[in-house]
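Dear colleague,

I am passing on the structure that follows, together with an account of what was found in it. Please read the notes with the coordinates open beside you.

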Amino acid sequence: MGKLTLKTTPWTSVFLSGKKLGDTPLVDFPIPVGTYVLKLSNPDTGLNTSIEVEIKSGQTTAKKLKF
């Protein structure tokens, strides 16, 4: 397992394979090791985008994004 910390401006809802992980900021969210495409959306602003993240064993992958 690894962890994901994701902060976005503005806030976004984060989805993995159609399942909502939560809203940003996500802090130390546990995820199995692998490379994933996360879908980010904010209905208030019309934002819909995707990002790729690589989760490594025993590590935290941190991303800070501004849209």
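To begin with a single pair, the side chains of Thr-12 and Thr-8 are joined by a polar contact of 3.1 Å. Please keep in mind that this is a predicted model, and that the distances and angles below are to be read as values computed from it.

Thr-12 itself belongs to the loop between E1 and E2, and because its relative accessibility is 0%, against a limit of 20% for burial, it counts as buried. Residues up to four places away in sequence being left out, Thr-12 touches Gly-22, Asp-23, Thr-24, Leu-40, Ser-41, Asn-42, Leu-47 and Phe-67. Its partner in the polar contact, Thr-8, stands opposite Leu-65 in E7.

The next residue to consider is Ser-13, which lies in strand E2, residues 13–16. Ser-13 has a relative accessibility of 7% and therefore counts as buried. Its side chain makes a polar contact of 2.7 Å with the side chain of Asp-23, while in E5 its bridge partner is Ser-41. Beyond its neighbours within four places in sequence, Ser-13 is in contact with Lys-20, Gly-22, Asp-23, Lys-39, Leu-40 and Ser-41.

Asp-23 deserves a paragraph of its own, since it also takes part in a salt bridge. The structure holds one salt bridge, and it is formed by the side chains of Asp-23 and Lys-20, at 3.3 Å from N to O. In general, side chains of opposite charge can pair when their charged atoms come close. Are the two residues of this pair buried, partly exposed or exposed? Asp-23, at 37% relative accessibility, counts as partly exposed, and Lys-20, with a relative accessible area of 44%, is partly exposed as well. Asp-23 thus appears in the salt bridge with Lys-20, in the polar contact with Ser-13, and among the residues that Thr-12 touches.

Turning to the sheets, there is an open sheet of four strands in the order E3-E2-E5-E6, paired antiparallel. Strand E3 (19–23) and strand E6 (47–55) stand at its edges, and because each has a single partner strand, one side of each is left without a neighbour in the sheet. From one strand to the next, the twist averages 30°. Taking the pairs in turn, E2 and E3 run antiparallel and are joined by four bridges, with Val-14 having Gly-22 as its bridge partner in E3. E2 also pairs with strand E5 (residues 34–42), again in the antiparallel sense and over four bridges. E5 and E6 are antiparallel too, and pair over nine bridges, one example being Thr-35, whose bridge partner in E6 is Glu-54. The hairpin of E5 and E6 has four residues between the strands, and in it Gly-46 takes a positive phi near 80°.

A further open sheet has three strands in the order E4-E1-E7, with mixed pairing. Its edge strands are E4 and E7, each of which pairs on one side only, and neighbouring strands of this sheet are turned by 20° against each other on average, direction ignored. The mixed character can be followed pair by pair: strand E1 (residues 2–9) and strand E4 (residues 26–31) pair in the antiparallel sense over four bridges, whereas E1 and strand E7 (residues 60–66) pair in the parallel sense over seven bridges. Within the E1 and E4 pair, Gly-2 stands opposite Ile-31, and the bridge partner of Leu-4 is Phe-29.

Finally, the nonpolar core. Which residues of the largest nonpolar core touch the most other members? Of its 13 residues, they are Leu-4, Leu-6, Val-14, Leu-21, Leu-38 and Val-53. At least two residues of this core are supplied by each of E1, E2, E4, E5 and E6. Leu-4, when its neighbours within four places in sequence are set aside, is in contact with Leu-26, Val-27, Asp-28, Phe-29, Ile-31, Leu-38, Val-53, Ile-55 and Thr-61. Leu-38 and Val-53, which are among these contacts of Leu-4, are also listed with it among the core residues that touch the most other members.

With best wishes

Conventions. Residues are numbered from 1 along each chain as its sequence is written. This is a predicted model: local features need pLDDT of at least 70, side-chain atom pairs count only at pLDDT 80 or more; totals for chains, interfaces and linings use all residues. Side-chain values use heavy atoms; hydrogens and water are left out. Buried means under 20% relative accessible area, exposed over 50%, partly exposed in between (1.4 Å probe, protein chains only). A polar contact is a pair of N or O atoms within 3.5 Å; within protein, one must be able to donate a hydrogen and the other to accept it, and residues adjacent in sequence count only if both atoms are side-chain atoms. Contact means heavy atoms within 4.5 Å. Two strands pair if DSSP finds at least two bridges between them. Axes are lines fitted to C-alpha atoms, for helices over the stretch in contact, and angles run from 0 to 180 degrees between N-to-C directions. A salt bridge is a side-chain nitrogen of Lys or Arg within 4 Å of a carboxyl oxygen of Asp or Glu. A nonpolar core is a set of buried Ala, Val, Leu, Ile, Met, Phe, Trp, Tyr and Cys residues joined through side-chain atoms within 4.5 Å.
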